[in-house]
Amino acid sequence: MNLAELLARAGRSEPDRAALFLGERQIATFAALAGQAAALAGGLRHLHGLQPGDRVGLVMKNCPDYVVALFGAWWAGLVVVPLNAKLHAREFAQALEDSGAALCFATQDLLASLPSDGPVVVEAGSADWQRLLAAEPVAEPHPQEMDSLAWLFFTSGTTGRPKGAMLSCGNLLTMTACYFMDVDPIGPGEGLLHAAPMSHGSGIYILPFMAAAATQVVPESGGFDPAEIAALCRHHQQISLFAAPTMVRRLVRHPEIAAGGLLGLKTLVYGGGPMYVADSRDALDVLGNRLVQIYGQGESPMTITALNKARHLPGPNQEQRLASVGIAQSLVQLRVADEEGRPLPVGESGEILVRGPSVMLGYWQRPDATAKTLRDGWLFTGDMGVLDAAGYLTLKDRSKDLIISGGTNIYPREVEECLLTHAGVAEVSVIGRPHPDWGEEVVAFVVASDPALDAAALDAHCLETIARFKRPKHYRFVERLPKNNYGKVMKTALREALAGES
Ligand code: AMP
């Protein structure tokens, strides 16, 4: 089934209901939004000659046109490639080239970051965009199967080259069904507020809200502003939002919200990085029984486990429950396994494996990476965890050494590779250090070959090649890196060294 069927259905059953807001301003009803998606599909097919299965890049900050672009592309049977708006120009170019995108929608602020020799660029809202919307509409969403590719979800690559998790219509419809079963039921008249990037979780959650003919609300700032979020929840009422744990912390510490809660908030879904128990308790105190935690990854989008509202409530096991990421969502099978994939007994720590219709088709044009990650029908998540007798999963570590700062993933290897291209760097190792506001911050240990090398030079070097948010916040210049017998850098020793400083 084509994902745009959800919009087509809402357009028929709730034609006059508000579908899309920019702040407090209504942008479209469901009938209008369905009409725009059908027209955009026509424009993409007839004016640009795109064929079902072709890829369309989305290099856009959060805006109402994001929803039009997503559903217009799907309506035409195309595959969307949403990219994090904070990426570096080099990273945009790489992902667009890797995906073979034939066309790219972009917001005005990001045009300058796009490659001149890349795909055709259509600026959202421009005359070209209007021409697409004036095209002969495609009457019905192009027929799709459950295993038809719908979304290429680019994860930062550990080898410097990003990997595109191939998400099918079936994967995303599974996520949609699990939202209703395991996260929260949604009724018409409710809304989803996009305070987090629509290229990731917030954008994925458009689907369950579309299935319920509920409203999408995009803040005018296009980003995360606690005061604006408070005002929009108050205005719209019955609002849900997805936020990274660091955003939850900032929300509940905002003076206005700390004093009066978030009037009009129905549900706050958090995930994407570790939430500390003390922070969950603070959030429960300020926001009340409105919290749901999810654990997922691009390879099984938003759909591995959930800790629903009831499971946040006080009880004999509240402490352990809040420290966990909840229980398996209804349509996935969960296993904690040893290196061979054999299930481990309750209470033993191992790699988290997932099986079910939410699991990606594989990595785009990366058969080797796919074979490593999908084995015997199981997704090897790279996350470590432990299950208890009641089925609650607690994450232990991230075996891939991922750093999560401000809710965004940073792969140390990518930063290390960038630093190693500086002539004055002999060796380097990058780790995350716990940070009260950001979750983690990036710290680089550097063995310099040039005694004059300093942090400012390395910072300037990083700015040339990787996104700003990935560059180290601190440098430690050392004589040598601690290594084990195999010559592998022992990151645990580096972490201990940092912990010893504070
Ligand atoms: P991404 O593929 O960008 O969605 O990142 C997924 C990774 O974020 C997972 O593999 C986990 O390491 C981490 N993650 C996601 N949800 C949670 C959570 N609720 N608690 C802790 N870590 C999480």
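A polar contact is a pair of N or O atoms within 3.5 Å; within protein, one atom must be able to donate a hydrogen and the other to accept it, and residues adjacent in sequence count only if both atoms are side-chain atoms. The model is predicted: local features need pLDDT of at least 70, side-chain atom pairs count only at pLDDT 80 or more, and totals for chains, interfaces and linings use all residues. Residues are numbered from 1 along each chain as its sequence is written, and side-chain values use heavy atoms, with hydrogens and water left out.

**Exercise 1. Describe the polar contacts and the surroundings of the ligand.**

Step 1. A polar atom in the side chain of Asp383 lies 2.6 Å from an oxygen atom of the ligand. For Gln297, a side-chain N or O atom is 2.9 Å from an oxygen atom of the ligand. Gln293 places a polar side-chain atom 2.9 Å from a ligand nitrogen atom.

Step 2. On its own the ligand has 500 Å² of accessible area, of which the protein covers 89% (Shrake-Rupley method with a 1.4 Å probe; for residues, only the protein chains shown count as cover).

Step 3. The ligand is surrounded by 16 residues, and Ile294, Gln297, Gly298, Asp383 and Asn409 are the closest (a residue is near a molecule or strand if one of its heavy atoms lies within 4 Å of it).

Step 4. Strand 13 (291–297) and strand 21 (393–398) each give two or more residues to this shell. Strand 13 contributes the most, with five residues (helices, H or I with at least four residues, and strands, E with at least two, are DSSP runs numbered from the N terminus).

**Exercise 2. Locate His200 and list its contacts.**

Step 1. His200 sits in the loop between strand 9 (191–193) and helix 7 (201–204).

Step 2. With a relative accessible area of 26%, His200 is partly exposed (buried means under 20%, exposed over 50%, partly exposed in between, with a 1.4 Å probe and protein chains only).

Step 3. Apart from neighbours within four places in sequence, His200 is in contact with Asn84, Trp151 and Phe153 (contact means heavy atoms within 4.5 Å).

**Exercise 3. Explain how the buried residues of helix 17 are arranged.**

Step 1. In helix 17 (residues 455–465), Leu458, His461 and Cys462 are buried.

Step 2. Seen down the axis of helix 17, these buried residues fall within an arc of 100 degrees, so they line one face of the helix (the arc is that of the directions from the helix axis to the C-beta atoms).

Step 3. Ala456 and Glu464 are exposed on the other side of helix 17.

Step 4. The buried residues of helix 17 pack against helix 16 (412–420), strand 24 (425–435), strand 25 (439–448) and strand 26 (474–477).
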